[in-house]
Structures are given as C-alpha cells and as structure tokens.
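Colleague: I should like to go through the assignments in this model and hear the reasoning behind each of them. Could the structure be displayed before we begin?

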Amino acid sequence: MSTENEGSAVPPAPGPHPAPPAPHPNPAVPPAPDYEPTAGRQPTASDAPIGSPDAAGQPGAPGPASGPGADAGQAGTWWSSDGGQQPGGPGAGQGGQGGPGGPWGTAPVPPPGPSERKPRGLVAALLAAVLVAGAIGGGIGFWAADREGDGSDTTTVSAYGNPKTESRAPGSVSSIANKTLPSVVTIEAQGNNGESGTGTGFVYDKQGHILTNNHVVASAADNGKLTATFSNGKRYTAQVVGRAQGYDVAVVKLKNAAGAKLNPLPLGNSDRVAVGDATVAIGAPFGLSGTVTTGIVSAKKRPVASSDGGGGNASYMSALQTDASINPGNSGGPLLNADGGVIGINSAIQSAGNGSGLGESQQSGSIGLGFAIPINQAKNVAEQLIKTGQPIYPVIEATVSTKDSTNGATIASNGTGGSPAVVPGGPADKAGLKSGDVITKLDDTTIDSGPTLISEIWTHQPGDKVTLTYKRGGKVSTADVTLGKRKGDS
C-alpha cells in the first residue's frame, strides 16, 4: 500500500481558481490509537551369557540407545526476550511528526494567516485520509466506528468455540491426560556419592507401589534419598522394593502415604497393540513434570539393548517403538493407548549421534525413536519384585556373542571367565546345542543378533518351551528347549 500522501495536502492544479466556498465544518475524526510497549516477561525456569551383557558391559545390535531417565536433573534455562512496540501509531512516517499533516486519521493543522489554499488543502487532506482508509480495507473502518461507538481503548476479536472440541470427549488426548496426570509422579533420586537424577513413575496399586525404570532409581538404591512428587505438588519419600537391571524395571513404595490419592492406572494388553495405534506419553522431560506428548506405535518387538551410560550392565527388551516425543526424564513414565490404558514403560531413546547417553557430558534428545518395555512383561517383573524383591529370568544357559550381527546369535567358544559357553546339563546342552552354532529363529521370530535372542527369551517365563532354529556347518536344524531359571541380577 502506498502512503505517499498520508498526512499531507494535495496541491491544486495550476491556473486561476474561483473563490472557494466557505469551509464545511470539520467532521469528527477518531483519534489515532495509542500503542503501549509490551512488558517483557521474566526468565522462567564381546560375549555374554544369556541373561547378562558381555564382559565389557557393551550392548550389541541394534545400536546405541540411551535411557531417557536419570541425569536429567537440570532443565535448560528458559528466556523470554523483552519484546514490544515503540510508542507511536501508524501515522508515524511522512507527516507523522512535524509535518503539515499530523497523525493518520486526523485533519491537518492549517498554517496561520489567511490563505486561498487553506480550504482546498483541508478538503484534499481529508479526502486523502478517507481514500487511504478505503485502501486499507474495512478492518480499519470498523475499528474507527467501534472507537466512536464505545470509547474503548482496544478492540479484540473473539473466536467462536467448537462445542465438539471443547467437550473433551472420552478418548481425546485432553481427556486421557486429565485422568492420568494425577497418577503420574516425578521421581528424584539422590545417591550418597552425590549422583542424582530425575525420572517418572506411575501408581501401580493402592498399596502405594510405584512402577518405574531401574535406571531411574539405581543411584538411590543403596541408602540414597528417593522422593515422588504428584501433580498436585504433594511430595512423599519412597524406598526401593526391588529392581531388575536386566529388564530395566523397578518398584518403589511411598512412605507414610496415608494422605496420598492412589488411583492405579489401568493396564492395557501390549500383546494386542498394532502398528499405527495412537499413543500418549507422560513424563518429566528435562525436569518438566506433567508433560504430555502424542504419537503412534511405530513398530513392535524391536530388539533394544540399552544402558544408562554409567558403566552398568545393559538391559534388553523386545520393545514397543513410538514416535511420541520422549526425552531424558520421561524414563519410567507410562505409554498409553487411545483408551488411556498403559501399554508400556518408556525406557530408552535412539540417539542421532554416537550414542551420547545419560551420565555423559551431553544428553541426547528425541528424534522420534522412543522405546517402551511392553506392559505385559513389566507387570510380570513387577509382581516378582513385590513378592520376593528379586527378578527371575528365563535362560537357556548358553553364552552368545553380543557383537553387531545380521546373521544370527552365535554361541561363543567360551563363557565368562573361561567357563564353558554351553553350561553342562543346562537347557541348551540338553537340546544338543554347541559352541559355534548360529541361532537364527526362536519359534517364528527371526533372530539376527545376540541381543535379539536375549530380548526374545526374556519375554517368556521359566519352564516355557521354545523351538530354536540354528545353523551348524551349513546345515539348518531345530531344537526344542525348555527354558531354565536364574534368580536375581548377576
């Protein structure tokens, strides 16, 4: 839009002019709007036995993944710049200050003394102002009319609400969040050595048990300090009931929880989840409690070997993959389905870099590859921990390589400390498996590496019978194996 004539009179055409008629009284013109600076906001705030990692403690395929839980104790600093507009209305410009016109929308001030151009200049200036207003459109004209009508300083435009949207219908994300948030807690763990971290957990039962990840509470497991804070701000001290490092599952219990509102979250069926199902993740990414993100189930039975970056043994899971945003601090929080049922425990994320995990100088953030422990498996582990305080692992008692591979899980030459790779009298030995055999399938699931085999075995229970397909000297054979039992982490 051109504003060359804004606030200035248009000179008359050359030549003689008749005496102008008496000037018409100046019509009422609304004053120019006042613009106040916006106040700035203040800153806010490589072999290993089945059931354990290799001797070096390094996870194998499918690549580095890090748990988004502990070591998120310090959230980033949030800043808000002091934005705002300088005083002065849209009339500033040609004639806006010190010119013959004045602010936009007001009549020009005539020079002192009689002048033949005075009336004509006044009319031309008013005409120019009207034309400019017309060029801008009806919005300014409506603004002026509204100013004349009620004398208010500002005019706001209201959007009509959508009754369907505002109903917060059952199944909507807002409805799920509203029901779930009161049962999700932010866990703060403080170790005796000064190590600390923040993660998430959720109410498992009315006895005050909270389900979370092992790596969230590990630093406080040995006489450390553990607290759980609900969404209403109430904080309770807690203690570790039991933890399973291999599964990356832990159960803690609130102390003196008589006044706590314990509403256990409903548990879904992770075996019935389908790729593409909607997901909702709730947690405290980088310490931001009560954060809700959404996505879908991107994949199922994704083999993941993860660690907390602190040198501990790896955890193995046949995970649910989701693109819901999961970051450090989300660990231990619930992954929900569209009905608000828990289908997994958020546990790990894939890093875009070289696996800068928790405990290192830099923490990785979400790139849309998050992994959750299926709730059916986590529930079994939780019940074991509540009853006995220790986990139970199904095993075949054979040491397999955890190095990267795409061909299968190879039974190693030797076990830990030079022991036999296939334990004499164990399940694998009874089934006829030997060192050098390459396991390629467990039942109907393809096995491409040692971690995949471990994670698939750990979805079963001791005593289950599985069929292993393996290669030996170029020949493919099968073996039926009855899974054995190992109690506790080793």
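Colleague: What makes helix H8 count as largely enclosed by the rest of the structure?

Modeller: In this predicted model, eight of the eight residues of H8 are buried, so the helix is largely enclosed. The buried residues are Gly450, Pro451, Thr452, Leu453, Ile454, Ser455, Glu456 and Ile457. Leu453 is also among the residues with the most contacts inside the largest nonpolar core.

Colleague: Which other residues have the most contacts inside that core, and how many residues does the core have?

Modeller: The core has 53 residues, and Leu211, Val249, Ile396, Ile439 and Leu468 are listed together with Leu453. Its largest share, five residues, comes from helix H6 (residues 375-388). Apart from it lies another core, of 19 residues, including Ile187 and Val203.

Colleague: What does Leu211 touch beyond residues up to four places away in sequence?

Modeller: Among its contacts are Phe202, Tyr204, Val249, Val251, Ile345 and Ala382.

Colleague: Why is the pair of Tyr247 and Tyr393 called stacked?

Modeller: The structure holds five aromatic pairs. In this one the ring centres are 4.5 Å apart, within the 6.5 Å required of a pair. The planes stand at 15 degrees, and the limit for stacking is under 30 degrees, so the pair is stacked. Tyr247 lies in the loop between strand S7 (235-244) and strand S8 (249-254), and Tyr393 in strand S15 (residues 392-395), so the pair ties together parts that are 146 residues apart in sequence.

Colleague: Why, then, is the pair of Tyr393 and Trp458 called tilted?

Modeller: Their ring centres are 4.8 Å apart and their planes stand at 45 degrees. Stacked needs under 30 degrees and edge-to-face over 60, so an angle of 45 degrees makes the pair tilted. Trp458 lies in the loop between helix H8 (450-457) and strand S20 (465-472), so its pairing with Tyr393 in S15 ties together parts that are 65 residues apart in sequence. Both Tyr393 and Trp458 are buried. Tyr247, Tyr316, Tyr393 and Trp458 form one aromatic cluster.

Colleague: How do you know that a charge sits over the ring of Tyr393?

Modeller: The charged end of Arg486 is 4.5 Å from the ring centre, and the cut-off is 6 Å, with a further limit of 35 degrees from the ring normal. Arg486 is accordingly assigned a place over the ring of Tyr393.

Colleague: Why is Thr322 called buried?

Modeller: Its relative accessible area is 0%, and buried means under 20%, so Thr322 is buried. Thr322 belongs to strand S11 (residues 315-322). The side chain of Thr322 reaches the backbone nitrogen of Ala324 at 3.1 Å, which lies within the 3.5 Å limit for a polar contact. Leaving aside neighbours within four places in sequence, Thr322 is in contact with residues including Thr279, Ile296, Leu335 and Leu369.

Colleague: Why is Asn256 called exposed, and why is Asp443 called partly exposed?

Modeller: Asn256 has a relative accessible area of 73%, and the exposed class begins over 50%, so Asn256 is exposed. Asp443 has 32%, which lies between the limits of 20% and 50%, so Asp443 is partly exposed. Asn256 is in the loop between S8 and S9, whereas Asp443 is in the loop between strand S18 (438-442) and strand S19 (445-446).

Colleague: What is the phi of Asn256, and what is that of Asp443?

Modeller: Phi of Asn256 is near 50 degrees, a positive value in a residue other than glycine. Asp443, which is not a glycine, has a positive phi of about 55 degrees.

Definitions and conventions
Residues numbered from 1 in each chain as written. Predicted model: local features only at pLDDT ≥ 70, side-chain atom pairs only at ≥ 80, totals over all residues. Heavy atoms only, no water. Helix = DSSP H or I, 4+ residues; strand = E, 2+ residues; numbered from the N terminus. Buried < 20%, exposed > 50% of the residue type's maximum accessible area, 1.4 Å probe, protein only. Polar contact = N/O pair within 3.5 Å; in protein donor to acceptor, adjacent residues only side chain to side chain. Contact = heavy atoms within 4.5 Å. Phe/Tyr/Trp six-rings, centres within 6.5 Å; stacked < 30°, edge-to-face > 60°. Core = buried A, V, L, I, M, F, W, Y, C linked by side-chain atoms within 4.5 Å.
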